[in-house]
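Welcome, and thanks for pulling up a chair. Here is a short briefing on the spaces, the ligand and a few local details of one protein.

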Amino acid sequence: MPDADAIIVGGGLAGLVAAAELGDRGKRVILLDQESEANLGGQAFWSLGGLFMIDTPEQRRMGIRDSHGLAQLDWMGSAQFDRPEDAWPRQWAEAYLDFAATEMRPWLHAMGLRWFPVVGWAERGGGFATGHGNSVPRFHITWGTGPGVVEHFERLVREHVAAGRIELRFRHQVDHIVMQNGAATGVAGTLLAPDSAARGQRTNRDAVAAFELSAPSVIVTSGGIGGNFDLVRKAWPADRLGPPPKRMVAGVPAHVDGRMIAISEAAGGHVINRDRMWHYTEGVANWDPIWPNHGIRILPGPSSMWFDAEGNRLPAPFLPGFDTLGTLKAILATGHEHSWFVLTQKIIKKEFALSGSEQNPDFTSKKWSEVIRSRILSGKRATGPVEAFKAKGEDFVVADTLAELVAGMNRIAGNTLIDAARLHAQIAARDAQVDNPFAKDAQLMAIHAARNYRGDRLIRTAKPHRFLDPENGPLIAVRLNVLTRKTLGGLQTDLDSRMIGADGQAVPGLFAAGEVAGFGGGGYHGYNALEGTFLGGCIFSGRNAGRSDFVA
Ligand SMILES: Cc1cc2nc3c(=O)[nH]c(=O)nc-3n(C[C@H](O)[C@H](O)[C@H](O)COP(=O)(O)OP(=O)(O)OC[C@H]3O[C@@H](n4cnc5c(N)ncnc54)[C@H](O)[C@@H]3O)c2cc1C
């Protein structure tokens with residue numbers, strides 16, 4: 001008799017969802033992870049818990065009219081599917097849109113998830129109605145952020161553990177998928193030495209023993225490649241984005257190492273859209289790192305002025321929070337790898353969100369009193385974590401005058417590329433448009449449009465003001481680095497999350513879900529993401545794997 005009905009490789013969100021579903025069906029499951037128990041939940045624990053959902057009560061209460069049709073137009077305009085191998089990804093995108101517009105919220109709500117009442121407007125787009133971007137706010141921040149998503153699936157899994165249906169085995173690193181007559185029959189790997197490192201820290205890879213486990217179904221939920229810069233650079237689409245940066249910060253823990261991808265390919269899995277990835281342009285080095293080269297992404301509101309490394313303002317639509325990959329391409333086309341935000345204290349207070357559960361202790365705590373204390377009763381100060389970056393972050397300059405600001409920027413960059421007079425001229429010209437209701441500055445027009453949304457006016461978009469008026473200061477500059485995060489392509493799967501080989505046929509007994517499967521199908525985002533679709537895709541594809549009749 002095999003050791004289990006199904007073996008799941010990876011205890012991140014996708015693995016937990018698949019395990020919970022299989023447990024509900026009475027299946028015997030072994031869930032393996034190379035990390036220690038402290039890391040259960042994987043990347044999702046660190047996430048902001050933002051979920052892409054369509055036409056929800058939260059949206060309606062904020063006056064947002066969304067629909068399946070509008071979301072579909074946005075998704076397809078962003079994905080720009082253009083390859084024969086986009087057949088499964090496109091089907092996954094359609095299926096997720098149906099799910100996100102119907103069953104997703106009630107199902108999660110019944111499980112206990114709740115969302116912050118102000119729905120966020122992420123990826124506002126590339127400037128065309130037919131192109132990339134969210135026409136309306138859809139980013140639902142889970143109350144409790146990432147841990148508030150993970151806890152519900154972890155609870156279900158632990159209930160099944162207590163009932164003897166699921167077994168959790170940590171420090172089990174899978175090195176090989178065992179195949180017999182073309183079908184998966186189990187996995188083999190290395191038992192790693194115990195490690196007491198805290199969650200998110202790099203752990204040892206010291207081998208203690210070998211192991212082999214058997215099951216007629218093997219579900220790979222091992223995450224993407226963002227923690228492995230060699231794999232990121234190898235797959236980097238230089239033709240579309242420009243050359244891969246030499247300096248990057250890591251937006252994910254070291255366990256996001258991509259090792260299982262080649263192991264799955266060796267077993268018959270087929271990777272498609274390897275060159276599609278989702279890395280951010282607004283990364284800052286974490287002054288208090290948890291994982292190696294730890295970077296934090298700034299989720300910016302629309303008001304910071306964005307300059308390239310030479311101090312030239314980026315043109316619209318490359319505005320903060322609009323078009324991630326378009327902006328990445330524009331930055332790399334300058335021949336430099338970093339860019340700059342220049343802003344005021346008023347903007348940082350209202351507009352800087354740092355992506356990560358630990359950077360938002362108020363939301364993560366699920367306590368309204370904390371949210372009110374840190375965001376509303378804090379006077380001119382931003383949240384504690386944002387103020388800490390201002391004081392200690394190596395990419396931050398805070399100054400009372402523009403001359404001091406520029407000196408600080410050039411000191412950080414180690415050059416003299418920013419010319420104070422030229423920067424002053426651009427900021428002064430922008431300031432002169434602030435009181436003009438007919439302004440021609442595209443960023444100011446975008447700010448006015450953002451403030452038409454009640455949620456933005458309330459907590460996300462500062463009232464337009466003059467940067468050079470000391471009343472609004474101090475002035476702040478932030479060096480922005482490329483931050484690796486998500487893998488958009490991945491193992492090709494059908495809607496049952498079965499791995500589909502290069503011949504178009506399902507590989508018997510092999511499944512993949514979550515980021516390793518490009519969040520569904522091998523890349524259901526196509527070229528661009530609308531945000532909140534990563535956790536959403538892990539939940540959906542993990543659920544489909546766990547519900548599949550093909551799991552023995
Ligand atoms: C800071 C941060 C903020 C984010 N914010 C959001 C957000 O707000 N909204 C959103 O939609 N997405 C967000 N994301 C992205 C999202 O969290 C991830 O894409 C998602 O959690 C990936 O889940 P997963 O289960 O596919 O993989 P992972 O979470 O990476 O889990 C994979 C697991 O597999 C294990 N593993 C890998 N290889 C092996 C092996 N060979 N043997 C055994 N075990 C193995 C790993 O140790 C790991 O525990 C964020 C990510 C980060 C890091």
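A search of the whole structure finds two cavities of 30 Å³ or more. Please keep in mind as you read that this is a predicted model. Beyond the cavities, there is a pocket of about 770 Å³, the largest one, and a ligand with 40 residues around it.

**The second largest cavity**

- The volume of the second largest cavity is about 40 Å³.
- Its lining is made up of Glu123, Thr281, Glu282, Arg297, Trp306, Leu319, Gly321, Phe322, Asp323, Thr324 and Thr327.
- Two elements, β12 (277–285) and α11 (324–332), each give at least two residues to the lining of this second largest cavity.
- Sorted by class, the lining of the second largest cavity holds three nonpolar, four polar and four charged residues.
- As background for reading about such spaces, rolling a probe the size of a water molecule over the atoms shows where empty space is left.

**Around the ligand**

- Which residues come nearest to the ligand? Of the 40 around it, they are Asp33, Gln43, Val174, Glu515 and Leu535.
- Leu535 also offers a polar backbone atom, 2.7 Å from an oxygen atom of the ligand.
- For Gln43, a backbone N or O atom lies 2.8 Å from a ligand oxygen atom.
- Ala14 has a polar backbone atom 3.0 Å from an oxygen atom of the ligand.
- Taken alone, the ligand exposes 1,000 Å², and the protein buries 99% of that.
- At least two residues of the shell around the ligand come from each of α1 (13–24), α2 (42–46), β6 (172–180), α10 (259–266), β18 (475–487) and α20 (533–547).
- The classes in the shell around the ligand are 14 nonpolar, 20 polar and six charged residues.

**The largest pocket**

- The largest pocket, with its volume of about 770 Å³, is lined by 41 residues, and the closest to its centre are Lys350, Phe363, Arg375, Ile459 and Arg460.
- Elements that each supply at least two residues of the lining of the largest pocket are β4 (139–141), β13, α12 (345–351), β16 (352–354), α14 (368–375) and α19 (454–459).
- Which element gives the largest share of the lining of the largest pocket? That is α14, with five residues.
- By class, the lining of the largest pocket divides into 24 nonpolar, seven polar and ten charged residues.

**Aromatic pairs**

- The count of aromatic pairs comes to 24.
- In one of them, the rings of Trp46 and Trp291 have centres 5.5 Å apart and planes at 80°, so the pair is edge-to-face.
- This pair links distant parts of the chain: Trp46 sits in helix α2 and Trp291 in the loop between β12 and β13 (295–300), 245 residues apart.

**Backbone details to look up in the viewer**

- Most residues other than glycine have a negative phi, and most peptide bonds are trans.
- Against that background, the peptide bond from Ala316 to Pro317 is cis, with omega near 5°. Pro317 has its place in the loop between β14 (305–308) and α11.
- The peptide bond from Gly473 to Pro474 is cis, with omega near 5°. You will find Pro474 in the loop between α19 and β18.
- Is the phi of Ser497 positive or negative? Although Ser497 is not a glycine, its phi is positive, at about 65°.
- Ser497 belongs to the loop between β19 (490–491) and β20 (498–500).

Notes. Residues are numbered from 1 along each chain as its sequence is written. This is a predicted model: local features need pLDDT of at least 70, side-chain atom pairs count only at pLDDT 80 or more; totals for chains, interfaces and linings use all residues. Side-chain values use heavy atoms; hydrogens and water are left out. On a 1 Å grid over the protein atoms alone, a cavity is a set of points where a 1.4 Å probe fits but cannot get out, and a pocket is an open set with protein on both sides within 12 Å along at least five of seven lines; lining residues have an atom within 4 Å of a point. Grid points are joined across faces, edges and corners, and a volume is the space filled by probe spheres set on the points. Helices (H or I, at least four residues) and strands (E, at least two) are DSSP runs, numbered from the N terminus. Ala, Val, Leu, Ile, Met, Phe, Trp, Tyr, Cys and Pro count as nonpolar, Asp, Glu, Lys and Arg as charged, and the others, Gly among them, as polar. A residue is near a molecule or strand if one of its heavy atoms lies within 4 Å of it. A polar contact is a pair of N or O atoms within 3.5 Å; within protein, one must be able to donate a hydrogen and the other to accept it, and residues adjacent in sequence count only if both atoms are side-chain atoms. Accessible areas come from the Shrake-Rupley method with a 1.4 Å probe; for residues, only the protein chains shown count as cover. Rings of Phe, Tyr and Trp (its six-membered ring) pair if their centres lie within 6.5 Å; planes under 30 degrees apart count as stacked, over 60 as edge-to-face and the rest as tilted.
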